[in-house]
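Please open the structure in your viewer and keep the selection tool at hand for a short tour.

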Amino acid sequence: MVFLTKDKKKQFYREMLRIRIIEEELSRYYSEQEMRCPMHFCIGQEAVAVGICLSLNDSDTVMSNHRSHGHYLAKGGDLRQMVAELYGKATGCALGKGGSMHLIDNSANFLAATSIVAGTIPVAVGVAFSNKLQGKKSVSTVFFGDAATEEGLFYESLNFAALHKLPVLFICENNLYSVYSPLHVRQPDTRRIYKIAKAMGVNAERICGNNVEAVYHSSQKALKYIYSGAGPYLIEAMTYRYLEHCGPNCDIELGYRTKEELLKWKKNDPLLKYEKRLLKESFLSREIIAEMRREFLEEIKNAVISAKSSPFPKVEMLLKD
């Protein structure tokens, strides 16, 4: 197990807090109806993005799904370009053409996110295959949800990655839901996603996705395994989203999940529990936290101002790319 310094722990907290504040502010701005793309917020799932991405090297790549803001930010994606993309502006990371579900920042090796469930899994495997053929020391990492494991692409990708011992890290963020359908109505109660991976020759484990240190240690172990040439690795991280599947609101009134369940998960909030722990260990102070909050609120405010003042793409851009 990797020893964690005081600075590393503060970095975990700082990155989770930054994502949380940015997402909360974006959910507030979304009600203005100037961001006209569908938005899938990751509030509650920050520990997975941070624990994984802070384990990666700059040369390692990341691909994601429709709920990608946290992954993009944790990997070092440009916030101003991300927010401009949400507003559909030409200064956006996808030139205003992609919106929330199609983020990209090649400078941070965040290769792409797409809205197609499981769609980036085989692409990430292709990146890993390319890296192996070219002898590159780079791990291809891909984030996806539990619903993606019900698609054929998932099984084909696991098989190909295992067969060729590819340097790919599969991250399943299991938040128990696919839109409004809980896991138990989609998969047998006895099934475990990480065990499916093991049965197909991929080393795998299930962890608590709300514990950033557990996520970090698991990813460190996985990366060591992958870099040794042993092949791919899958981490199933159990976590939970607080907001509705798509949009900035709470959706308890819809009846597909209960208020009691939501409150139970909020008691295990990845950010607040870690904050409480670091305060107890004197690694943080209320003053430091307040200063961080001011910094991130100012950062997202300026990003929104910049996005609103940026131009929309020109009409001729419709036929390009």
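The stops below go from a strand to a loop residue and then to the surface.

This is a predicted model, in which local features need pLDDT of at least 70 and side-chain atom pairs count only at pLDDT 80 or more, while totals for chains, interfaces and linings use all residues. Residues are numbered from 1 along each chain as its sequence is written, and side-chain values use heavy atoms, with hydrogens and water left out.

Begin by selecting residues 61-64, which form strand β1 (strands are DSSP runs of E of at least two residues, helices runs of H or I of at least four, numbered from the N terminus). In a regular strand the side chains alternate between the two faces of the sheet. Here T61 and M63 lie on one side and V62 and S64 on the other, and all are buried (under 20% relative accessible area with a 1.4 Å probe and protein chains only; exposed is over 50%, partly exposed in between).

Add residues 140-145, strand β3, which pairs with β1 in the parallel sense over three bridges (pairing needs at least two DSSP bridges), with V142 as the bridge partner of M63. Then add strand β2, residues 110-113, which runs parallel to β1 and is joined to β1 by three bridges; F110 in β2 stands opposite V62.

Next, select T239, in the loop between β8 (233-238) and α9 (259-266). T239 is buried, because its relative accessible area is 0%. Show N210 as well, whose side chain is joined to that of T239 by a polar contact of 2.9 Å (a pair of N or O atoms within 3.5 Å; within protein, one must be able to donate a hydrogen and the other to accept it, and residues adjacent in sequence count only if both atoms are side-chain atoms).

Finish at V179, in the loop between β5 (177-178) and β6 (181-182), which is partly exposed at a relative accessible area of 33%.
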